[in-house]
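Dear colleague,

I am handing over a structure that you have not seen before, and I would be glad if you could look through it at your leisure. My notes on what turned up follow below the structure itself.

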Amino acid sequence: TLREPCNSVATTYKDQCWRNQVSAWLPFFKGNTKDVASQCSLIEPQYQKTCFESLGLLVTITVGEIAIAIINSCTTSQNQISDDCLVGAMKELLFEGKDRRHVHARQIFERIAERHIPSPPKGGLAPFRAIPSGFTVA
């Protein structure tokens, strides 16, 4: 099945197995991220976040640093799935050697912040939207 070998490995290895399984699902589903996200939603709940974050990482590798393409690829019918995917994309953009000065990472952060800051801080989200010195607008 599509969820093997991860369903069968020892608990110690499951998190890493599900992280890697996404890289097998993406080509199997011909790059359809919604199909991959559907598979992630079927696995044990404690491993779903890892699965979706891995999808975000692969989305970034596939579509590059283009914020709208990343957001579209991570958008599904369930916001939490989308958020975990976006977090994976952010990790790739910010911590894995991508250009940290690139504005696209800021746009993805805004997408997450707007939905998860229940009442914006005094002054709104403006501090997050200001383009810091040294960033480039693409």
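Glu-53 and Lys-49 sit four residues apart in helix H3 (residues 45–63), which places them about one turn of the helix from each other. Please bear in mind throughout that this is a predicted model. The two residues form a salt bridge, in which the closest N and O atoms are 3.9 Å apart. Glu-53 counts as buried, with a relative accessibility of 7%, whereas Lys-49, at 49%, is partly exposed.

Glu-53 also takes part in a salt bridge with Lys-91, where the N to O distance is 2.7 Å. Because Glu-53 belongs to helix H3 and Lys-91 to helix H5 (residues 79–95), this pair ties together parts of the structure that are 38 residues apart in sequence. Lys-91 has a relative accessible area of 39% and is therefore partly exposed. Through the partners that these salt bridges share, Lys-49, Glu-53 and Lys-91 are joined into one network.

Turning to another helix, the side chains of Asp-15 and Arg-19 meet in a salt bridge at 4.0 Å, N to O. These two residues are four apart in helix H1 (residues 11–28), so about one helical turn separates them. Asp-15 is partly exposed at 26% relative accessibility, and Arg-19 is likewise partly exposed, its relative accessible area being 29%.

As for the overall count, a search of the whole structure finds four salt bridges, and those described above are among them.

With best wishes

Terms used. Residues numbered from 1 in each chain as written. Predicted model: local features only at pLDDT ≥ 70, side-chain atom pairs only at ≥ 80, totals over all residues. Heavy atoms only, no water. Buried < 20%, exposed > 50% of the residue type's maximum accessible area, 1.4 Å probe, protein only.
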